[in-house]
Amino acid sequence: MLGFFSAVPALEAAVGVFSEIVNKITLKSFSCENYENPTIQKHYENLQAIALKRDMAKEFYDQSLPNEFEIQKRLNKYMDRLVAAMPVAPAQPAAAPDGDGAAPAPKRTAAAVDIDEVRAMHEKGALKKLTVATLVEFLHSVGVQPMRKKSTHTHMRRAVVTSAKATCVPRAAVTAAVRGAAAASAARWVCCGSCRPSGSVSQARLSGTDRAWSSATARHSGNVRDGFSTTSLFTPAFQHRRHATAAVPALPSVAVVPGSAGSPAAARVDFGGGVVGSYPLAWLRDSCQCPRCVHPENHQKLHASSDVADFDAASAAGNPALLPAARIVAVEQGGSASSAAPSAQLHVDWPKGSLITAPDDPHTTVLSLDWLVSASAHPSNHPLLSIPAASDLPPPADASPASVAALAAAAAPMLWTAADFAASAAPRVDYAAFMGSDAGLWAALRQLRQYGLCFFDGVPTSDEREVERLARRFGCIRETFYGTSWDVKSVPQARNIAYTSLDLGLHMDLMYFEAPPGVQFLHSLKNTVTGGESYFADSFKAVQLLKESHPDDYDVLTRVPVTFHYHNDGHAMQYRRPTISLGDAQEPLRVYYSPPFQGPTRLGSDPALAARLHAALGRLAAILRDPALIYRSRLRPGDCVAFLNRRVLHARDEFDQQSGDRHFRGTYVDADDFRDRFAVTAAKVLAPK
């Protein structure tokens, strides 16, 4: 029997309902052997972090934790039945006659005070006018037994205020059904549908069945601790947290909402206090950070945003099968259970087909609520800028009209398909002519300026750093944390996906830099493997086609910033920019596209606009997959390719690393240096003879 409450006979109806609750939440097939030991697994993660020199271990999800969201969902329909079946605790019975049969002398009866009067007196600040005897009588009338025999007036007042506000009181009837291990977990939920675990009371004075009820009764007992404030006891915000020694807010709730006109399908999280976050399903799926979505060693994304299924289309078609289930799970943040700071995660269970590239795989995404809140907190959207009329290559003041026209023609970008590029003036340049003459240099500069792509034949392979010599003909080497030049070959435990034998789709390099390199060079030193063919595409042509066919998607890609990041090997780099950048005085159009290095995108102030990003990227990716736009070339030893890194996308097919050797050497030159060399050489070559 609980020391906090008077004895009340058990009712069969209440016992029956509670028995149903216990049966409903009992895990009949549960076996701890089916789950990994969370303590050991966390220890392994820490060891792995030390071995790999990581700053912190990967977050480990403890699958042995109860799914409180599901428990609550299962029990909701029983709560009203249970509360209705519980009797109100009666007033304390009269004292029995003493030993000689004579009844004790009657005590002075306190004036009766009902609950409405107590509320009214509290609101007026008039509880001090009631005597201790009157307060005790009121507590008895509502079924609360004061703990102290000699309670002070203050203690009595606090107990009275709390009891007057109570909306549900645990009944002794329920204790008849609280037996066995299942009762301990079920007891937290018996009081009422809105109760949540919110702290603990001292366990020293509870035993047996009483201890199982401690967390629930702590919220409803009339025994109030010293120092308890009664300032807001009668306000709705106070609710059921009156007696928790360390009150913990209720878990947020989550609901999956199908898409409608103007609103994407989303998981809507109610944080309480009127704060609601709406997270588009496509964005949540794309933001998954599990090892199947982000490579566990190099931390690079393993799917493109365009691979995410169209949940909005599924909603519009009335197909709920593609919509996920979502729940909120409480997680401890270290320390003891009683002192740990609470946290929570959003778990989204995706059905098969959440990625179009993995149609048969179900999936679960786990994201902390703290991260979700931070991902939503971002200022206004990136403005849509217009293209300025100014050229990035102004001719000299004394230039003749003919030289101005020649410079404009040489500098104008030529948007190309694979056939267009193959028919261009100088798709391939002889290395010796390039290094030994202005004409050879100009041929390469003009080709690179107009098409963004140029190949060199006959580059020596005896020196691995020959690519640096070639690049310096264009300008200064751009040194990065990879060095002045770097190897591209398959290595164990690669820190970059380029250093594997995996298929490497169309992308650009170093999008996580504030100023990504302008020109990239790749020199083939060895290439005897099966597979591994290189291919390229003109992003400017793809953007033109996108604008013509899907102007709304083009608009989205100019406005929604995408996060690019590199968190690996002692580096933490990140930059956010739209996929299509307009209005730069030096480069009227820039494209930033690198799916392997794309991080979770912030929702910003317009989640609906951000949700359209995935569909827009999907349309751009579909255009880029068109074989007519892709120029393929197997780089033989001695070949070198140069391309504008903020225009031309590069890629390579997967290759069999056991079939031979594949070794490229690469380097970068900044766009500023390239423009400088182009302008100076153009002035020399195009000057009137």
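Reader: In this predicted model, how do helices α18 and α20 stand to each other in orientation?
Author: The axes of α18 and α20 come within 10 Å and cross at roughly 125°. An angle of 65 to 115 degrees would count as roughly perpendicular and one over 145 as roughly antiparallel, and the crossing of α18 and α20 belongs to neither class, so the two helices are oblique to each other.

Reader: Is the crossing of α18 and α20 left-handed or right-handed?
Author: The helices in question are α18, at residues 539-549, and α20, at residues 607-624, with axes that cross at roughly 125°. The hand of this crossing is right-handed.

Reader: Which class, nonpolar, polar or charged, has six residues in the contact of α18 with α20?
Author: On the α18 side the contact is formed by A542, L545, L546 and S549, and these meet R619, L620, I623 and L624 in α20. Sorted by class, one residue of this contact is polar, one is charged, and the class with six residues is nonpolar.

Reader: How many charged residues are there in the contact of α18 with α19?
Author: The axes of α18 and α19 come within 5 Å and cross at roughly 125°, which makes α18 oblique to α19. From α18 the residues V543, L546, K547, E548 and S549 take part, meeting P551, D553, Y554 and L557 in α19. By class the contact holds five nonpolar residues and one polar residue, and the number of charged residues is three.

Reader: Which elements do the buried residues of α19 pack against?
Author: Helix α19 spans residues 551-559, and its buried residues are D553, Y554, V556, L557 and T558. Among these, D553, Y554 and L557 also belong to the set that α18 meets in α19. The elements against which the buried residues pack are α18, β15 (571-578), β16 (580-582) and α20.

Reader: Is H614 buried or exposed, and at what relative accessible area?
Author: H614 has its place in helix α20. Leaving aside neighbours within four places in sequence, H614 is in contact with A282, W283, D286, S305, S306 and V308. Because the cut-off for a buried residue is under 20% relative accessible area, H614 counts as buried, with a value of 6%.

Reader: Which strands are at the edges of the sheet β7-β8-β19-β11-β22-β9?
Author: This open sheet has six strands in mixed pairing, and the twist averages 25° from one strand to the next. The strands that pair on one side only, and thus form the edges, are β7 (428-430) and β9 (486-488).

Reader: Which residue stands opposite F456 in β19?
Author: Strand β8, at residues 453-457, pairs with strand β19, at residues 640-644, in the antiparallel sense over four bridges. Within this pairing, the residue of β19 that stands opposite F456 is C640.

Reader: What angle does the direction of helix α16 make with that of β8?
Author: Helix α16, at residues 438-451, packs on the sheet and touches β7, β8, β11 (519-527) and β19. The direction of α16 makes with that of β8 an angle of about 150°.

Reader: Which strands stand at the edges of the sheet β10-β20-β13-β18?
Author: This open sheet has four strands with antiparallel pairing, and the twist averages 15° from one strand to the next. Each edge strand has a single partner strand, so one side of it is left without a neighbour in the sheet, and the two strands in that position are β10 (504-507) and β18 (630-633).

Reader: Which residue of β18 stands opposite F536?
Author: Strand β13, at residues 534-538, and β18 pair in the antiparallel sense over four bridges. The residue of β18 that stands opposite F536 is Y631.

Reader: How far apart in space are L369 and H347, C-alpha to C-alpha?
Author: L369 lies in helix α12, at residues 369-376, and counts as buried at 7% relative accessibility. Leaving aside neighbours within four places in sequence, the contacts of L369 are P252, F271, I328, A344, Q345 and L346. L369 and H347 are 22 residues apart in sequence, and their C-alpha distance in space is 10.0 Å.

Reader: Among contacts between residues at least 6 apart in sequence, what percentage join residues at least 24 apart?
Author: The protein has 21 helices and 22 strands, and buried residues make up 48% of its 689 residues. Among the contacts in question, the percentage that join residues at least 24 apart is 74%.

Note on methods
Residues numbered from 1 in each chain as written. Predicted model: local features only at pLDDT ≥ 70, side-chain atom pairs only at ≥ 80, totals over all residues. Heavy atoms only, no water. Pairing = 2+ DSSP bridges. Axes fitted to C-alpha atoms, helices over the stretch in contact; angles between N-to-C directions. Contact = heavy atoms within 4.5 Å. Buried < 20%, exposed > 50% of the residue type's maximum accessible area, 1.4 Å probe, protein only. Parallel < 35°, antiparallel > 145°, perpendicular 65-115°, else oblique. Left-handed = near helix turned anticlockwise from the far one by under 90°. Nonpolar A, V, L, I, M, F, W, Y, C, P; charged D, E, K, R; others polar.
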